[in-house]
Amino acid sequence: SVNFAVIGSGDGSGSGVSGGEYWICAATCVTPAAGSGTNFTGLTATIPTAALLVGHQYTVRARIRDVAGNWSTATSSAVLTVTPVGNIFTDGFESGT
């Protein structure tokens, strides 16, 4: 999984950030309608990555919602490259030594 945090204070109206939404794009990206992404509350979100393909790049886009219900414009927040998990041990410990 990947964690990300909102850095900012909202739209300037003083209502504050209540949460937002994110979506993951592969080669091309279609911005969903406001409220149609994966929603999160507060200033952080954890994005599961288990279903993403190893060796591919993805762009995570996000939009923030303030307490008054207003949505920000969509922004690219990160480009992810999924890499395989390496072996921690190369010895199978079969020898017992």
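**Figure 1. Strands S2 and S3, viewed at the pair Gly19 and Thr41.** Gly19 stands opposite Thr41, a residue of S3. The model shown here and in the legends below is a predicted one. S2 and S3 pair in the antiparallel sense, and 4 bridges join them. S2 covers residues 17-25, and S3 covers residues 38-41. Of the 9 residues in S2, 7 are buried, which leaves this strand mostly covered.

**Figure 2. Strands S2 and S5, viewed at the pair Gly20 and Ile64.** Which residue of S5 is the bridge partner of Gly20? The partner is Ile64. S2 and S5 run antiparallel to each other and pair over 8 bridges. S5 spans residues 57-66. Like S2, which is mostly covered, S5 is mostly covered, with 7 of its 10 residues buried.

**Figure 3. The protein chain as a whole, for orientation.** The protein chain has 6 strands and 0 helices. Read from the N terminus, the order of elements is β-β-β-β-β-β. The chain has 97 residues, and 24% of them are buried. Among contacts with a separation of 6 or more, 61% join residues that are 24 or more positions apart. The accessible surface is about 6,500 Å², and carbon and sulfur atoms account for 56% of this surface.

**Figure 4. The largest nonpolar core.** How many residues make up the largest nonpolar core? There are 10 residues in all: Val6, Val17, Tyr22, Phe40, Ala45, Ile47, Val60, Ala62, Ile64 and Leu80. Strands S2, S4 (44-47) and S5 are the elements that give two or more residues to this core. The largest share comes from S5, which gives 3 residues. Ile64, a member of this core, is also the bridge partner of Gly20 shown in Figure 2. The core includes Tyr22 and Phe40, but the count of aromatic pairs in the model is 0.

**Figure 5. Leu80 and its surroundings.** Leu80 belongs to strand S6, residues 75-81. Is Leu80 buried or exposed? Leu80 counts as buried because its relative accessible area is 14%, under the 20% cut-off. Leaving out residues up to four places away in sequence, Leu80 touches Val2, His56, Gln57, Tyr58 and Val60. One of these, Val60, belongs with Leu80 to the largest nonpolar core. Leu80 and Ala26 are 54 residues apart along the chain, and their C-alpha atoms are separated by 9.8 Å.

**Figure 6. His56 in the loop between S4 and S5.** His56 is found in the loop that lies between S4 and S5. With a relative accessibility of 39%, His56 is partly exposed. Apart from neighbours within four places in sequence, His56 is in contact with Leu80, Thr81 and Val82. The first residue named there, Leu80, lies in strand S6. From His56 to Val82 there are 26 residues in sequence, and the distance in space is 5.8 Å, C-alpha to C-alpha.

**Figure 7. Cys25 in strand S2.** Cys25 is a residue of strand S2. Why does Cys25 count as buried? Cys25 counts as buried because its relative accessibility is 4%, under the 20% cut-off. Its contacts, leaving aside neighbours within four places in sequence, are Gln57, Tyr58, Thr59 and Arg61. The C-alpha atoms of Cys25 and Tyr58 are separated by 5.5 Å, although the two residues are 33 residues apart along the chain. Tyr58 is also touched by Leu80.

**Figure 8. Asn39, Arg63 and Trp71.** Asn39 has its place in strand S3. A relative accessible area of 45% makes Asn39 partly exposed. Which residues does Asn39 touch, not counting residues up to four places away in sequence? They are Gly20, Glu21, Arg65 and Trp71. Gly20 appears in Figure 2 as the bridge partner of Ile64. Arg63 lies over the face of Trp71, and the distance to the ring centre is 6.0 Å. Asn39 and Arg63 are 24 residues apart in sequence, with a C-alpha to C-alpha distance of 9.5 Å.

Terms used. Residues numbered from 1 in each chain as written. Predicted model: local features only at pLDDT ≥ 70, side-chain atom pairs only at ≥ 80, totals over all residues. Heavy atoms only, no water. Buried < 20%, exposed > 50% of the residue type's maximum accessible area, 1.4 Å probe, protein only. Contact = heavy atoms within 4.5 Å. Areas by Shrake-Rupley, 256 points an atom, 1.4 Å probe, with all protein chains shown as cover. Core = buried A, V, L, I, M, F, W, Y, C linked by side-chain atoms within 4.5 Å. Phe/Tyr/Trp six-rings, centres within 6.5 Å; stacked < 30°, edge-to-face > 60°. Lys NZ or Arg CZ within 6 Å of the ring centre and 35° of its normal. Pairing = 2+ DSSP bridges.
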